[in-house]
Amino acid sequence: MRVRVFGTLRRVVGAKEVEVGLDPGDTVRDVLTKIIAEYPAMGEKLLDDDGRLQGSVHVLINGRSIRYLEGLDSITQEGDLFALFPAVGGG
């Protein structure tokens, strides 16, 4: 599965997207765990100390926020458009 990475998260992985091996039934949590295994610095950017998604991070599957799906337990499938967005600020 290709995972698009945006904003400051791109600096951590050094690319606009990363490839993640997907197993049947993998959830968003599984995908994030695989990304963190490959890019350990993403751990603190994506998850808090309790393993929950940082409030400032947005994960979209096929353009829909996982907050409106099943959260980290949302099932992913090969071919899904998976995107990671950091918090965006400005004024």
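How many aromatic pairs does a search of the whole structure find? The search finds one, and this tour will reach that pair after the sheet, the main helix and the core have been visited.

**Before you start**

The model in your viewer is predicted, so local features are used at pLDDT of at least 70 and side-chain atom pairs only at pLDDT 80 or more, while totals for chains, interfaces and linings use all residues. Residues are numbered from 1 along each chain as its sequence is written, and side-chain values use heavy atoms, with hydrogens and water left out.

**Stop 1: the sheet**

Show the cartoon and select the strands, which, like the helices, are DSSP runs numbered from the N terminus (strands are E runs of at least two residues, helices H or I runs of at least four). You will find an open sheet of five strands with mixed pairing, in the order β2-β1-β5-β3-β4. Two strands are said to pair if DSSP finds at least two bridges between them, and the edge strands, β2 and β4, each pair on one side only.

Now select β1, residues 2-5. Strand β1 pairs with β2 (residues 17-19) in the antiparallel sense over three bridges, and Arg2 stands opposite Glu19 of β2. Three bridges also join β1 to β5, and these two strands run parallel; in β5, Phe82 is the bridge partner of Val3. Colour the side chains of β1 and you can tell two faces apart, a covered one with Val3 and Val5 and an uncovered one with Arg2 and Arg4. Then move across to β3, which pairs with β5 in the antiparallel sense over four bridges, and find Leu60, which stands opposite Ala83 in β5.

**Stop 2: helix α2**

Select α2, residues 28-38, and show Val28, Val31, Leu32, Ile35 and Ile36, which are buried (buried means under 20% relative accessible area, exposed over 50%, and partly exposed in between, with a 1.4 Å probe and protein chains only). These residues lie on the same side of α2, because they cover an arc of only 135° around the axis, where the arc is that of the directions from the helix axis to the C-beta atoms. An α-helix has 3.6 residues a turn, so residues three or four places apart point the same way. The face turned away from the buried side of α2 carries the exposed residues Ala37 and Glu38, whereas what covers the buried residues includes β1, β2, α3, β3 and β5.

**Stop 3: the core**

Keep α2 on display and add Val3, Leu32, Ile35, Leu46, Phe82 and Leu84, which touch the most other members of the largest nonpolar core, a set of 24 residues. Such a core consists of buried Ala, Val, Leu, Ile, Met, Phe, Trp, Tyr and Cys residues joined through side-chain atoms within 4.5 Å. The elements that give two or more residues to this core are β1, α1 (8-13), α2, α3 (42-46), β3 (58-61) and β5 (82-85), and α2 gives the most, with five residues. Centre the view on Leu32: not counting residues up to four places away in sequence, Leu32 touches Leu46, Leu47, Leu53, Leu72, Phe82 and Leu84, where a contact means heavy atoms within 4.5 Å.

**Stop 4: the aromatic pair**

Which two rings form the pair promised at the start? Select Phe6 and Phe85, whose ring centres are 4.2 Å apart with their planes at 5°, so the pair is stacked. Rings of Phe, Tyr and Trp (its six-membered ring) pair if their centres lie within 6.5 Å, and planes under 30 degrees apart count as stacked, over 60 as edge-to-face and the rest as tilted. Because Phe6 lies in the loop between β1 and α1 and Phe85 in strand β5, the pair ties together parts that are 79 residues apart in sequence. Both are partly exposed, Phe6 with a relative accessible area of 23% and Phe85 with 27%.

**Stop 5: two loop residues**

Select Ser74 in the loop between β4 (64-65) and β5. Is Ser74 buried or exposed? Ser74 is buried, with a relative accessible area of 4%, and a polar atom of its side chain lies 2.7 Å from the backbone oxygen of Gly71. Finish at Asn62, in the loop between β3 and β4, where phi is near 55°, a positive value in a residue other than glycine; Asn62 counts as partly exposed, at 44% relative accessibility.

Conventions
A polar contact is a pair of N or O atoms within 3.5 Å; within protein, one must be able to donate a hydrogen and the other to accept it, and residues adjacent in sequence count only if both atoms are side-chain atoms.
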